[in-house]
Amino acid sequence: MEPANSLSRALGLLRRAGVRITGGNLERLSLTLPDSTVREVMIHTGPAARIRGKASGVLVISERLPKGAAEAARSGIYDLISAEPELVIIAGQTLLEAATEKPVQRRRNAWGRWAVMRALILARGPMKQRQLAEAAAISQPAVNKHLKTLGPAVLQVSDGWLAADRGELIRQWLDVYPASNGASTYWYGLSSPLDQARTAALYAAERDAHPLISGSAAADIYAPWALPGKFRIYLKSVVDFTDAGFVPSSPEEATMTVTVPEDRTLWADPAGERADLLDSTGLPLADPLTVMGDVLAQGGPDSEEAARVLGGWIEAGRPASRL
């Protein structure tokens, strides 16, 4: 299993503590405590020592328990989640104390550069630097800088830039893109993966969470090869899927992984066709390159072959699909 980042682990610890996450994003969460109390908190992932005075409504998330932090949380100065040792203290109440886990290392990510690569891979024709800047949510000078690092895999023509060797650019992207990161929760459903994906997407859309379906459920629509298994749904804000018929699960047993990603460029429109990335029943899809990466990360007996088929379809310029 891939190690979750600190916020993903924090969400898992909250669930184990009997706390429901009923809304929010990477900065704020709405929590329903075991006694049904609703608590709105602002997430703080920096050193707890930087918090001065009473900070009710602040949730400190830490990989390792800072000195004096548990005492401060129990006295109600702030709320606290620690991964090592496992500890959840909300509103002065200790809701979970458990065994330790290894801390997770953070990395800095170049979302803009990787979005430029993704846009060039998926483009059906040349893209101007202005279009690439819009797709990557970065400045045109930054785009120019990134283009210079891609070498012979990209080519400048009269109408803009394009992938000179789309297959090589795909391989480069797979080598460097570390996944979308962010916060993940894990859910189990009984219906088929595609039915689960449609139920989850509709439920999330009704809550303005802007869902994007990825993993094997999306791969089966873009370039059918293997029956879909587990899948991922990207959201712009946290959604509790309990009332949609799902139950919280472990990562190993989950049929659906829900991720609020750090990489917000997933909602960009690199090829000018975001509105078309829907199946016949309106299922919103992540772009096919992101789907390919998630299929590989998902694992399973057919994942590599399914990713190879999808990669070949992307490399060929996406000549046909069910869309």
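A residue counts as buried here when its relative accessible area is under 20%. With that cut-off, Ser6, Leu7, Ser8, Arg9, Ala10, Leu11, Leu13 and Leu14 of helix H1 are buried. Keep in mind that this is a predicted model. The chain has 323 residues, and 51% of them are buried. It folds into ten helices and 14 strands. Looking at contacts with a separation of 6 or more, 60% are between residues 24 or more positions apart.

**Helix H1 and the sheet**

- Let's start with the sheet: seven strands make an open one, in the order E1-E2-E3-E4-E5-E6-E7, with mixed pairing.
- Strand E1 (20–24) and strand E7 (93–97) sit at the edges, and each of them pairs on one side only.
- Ignoring direction, neighbouring strands in this sheet are turned by 25 degrees against each other on average.
- Inside the sheet, strand E3 (residues 38–44) and strand E4 (residues 58–64) run parallel and are joined by three bridges.
- Met42 is the residue that stands opposite Val58 in E4.
- Helix H1 (residues 6–16) lies across E1, strand E2 (28–32), E3, E4, strand E5 (79–84), strand E6 (86–90) and E7.
- Relative to E5, H1 runs at about 110 degrees.
- Eight of the eleven residues of H1 are buried, so this helix is largely enclosed by the rest of the structure.
- Just after H1 comes Gly18, with a positive phi of about 85 degrees.

**Helices H4 and H5**

- Helix H4 (residues 129–136) and helix H5 (residues 140–149) have axes that come within 9 Å of each other and cross at roughly 100 degrees.
- Angles of 65 to 115 degrees count as roughly perpendicular, and H4 and H5 are therefore roughly perpendicular to each other.
- On the H4 side, the contact is made by Gln129, Arg130, Leu132 and Ala133.
- On the H5 side, the contact residues are Gln140, Val143, Asn144 and Leu147.

**Aromatic pairs**

- Ring pairs are described by two things, the distance of the centres and the angle of the planes.
- If ring centres within 6.5 Å make a pair, the count comes to eight aromatic pairs.
- One of them is Trp111 with Tyr177, an edge-to-face pair at 6.1 Å centre to centre, with 65 degrees between the planes.
- Trp111 belongs to helix H3 (residues 111–122), while Tyr177 is in the loop between helix H6 (166–176) and strand E10 (183–188), so this pair ties together parts that are 66 residues apart in sequence.
- Both Trp111 and Tyr177 are buried.
- Trp111 and Tyr177 also belong to one aromatic cluster, together with Trp114 and Trp173.

**Around Tyr203**

- Tyr203 and Phe241 have ring centres 5.7 Å apart and planes at 45 degrees, so their pair is tilted.
- This pair, too, links distant parts of the chain, 38 residues apart.
- Tyr203 is in helix H7 (residues 193–206), whereas Phe241 is in the loop between strand E12 (231–234) and strand E13 (247–248).
- Buried or exposed? Tyr203 and Phe241 are both buried.
- Tyr203 has a charged partner as well: the charged end of Arg207 sits over the Tyr203 ring, 3.5 Å from its centre.

How values were computed
Residues are numbered from 1 along each chain as its sequence is written. This is a predicted model: local features need pLDDT of at least 70, side-chain atom pairs count only at pLDDT 80 or more; totals for chains, interfaces and linings use all residues. Side-chain values use heavy atoms; hydrogens and water are left out. Rings of Phe, Tyr and Trp (its six-membered ring) pair if their centres lie within 6.5 Å; planes under 30 degrees apart count as stacked, over 60 as edge-to-face and the rest as tilted. Helices (H or I, at least four residues) and strands (E, at least two) are DSSP runs, numbered from the N terminus. Buried means under 20% relative accessible area, exposed over 50%, partly exposed in between (1.4 Å probe, protein chains only). A charge sits over a ring if NZ of Lys or CZ of Arg is within 6 Å of the ring centre and within 35 degrees of the ring normal. Two strands pair if DSSP finds at least two bridges between them. Axes are lines fitted to C-alpha atoms, for helices over the stretch in contact, and angles run from 0 to 180 degrees between N-to-C directions. Contact means heavy atoms within 4.5 Å. Angles under 35 degrees count as roughly parallel, over 145 as roughly antiparallel, 65 to 115 as roughly perpendicular and the rest as oblique.
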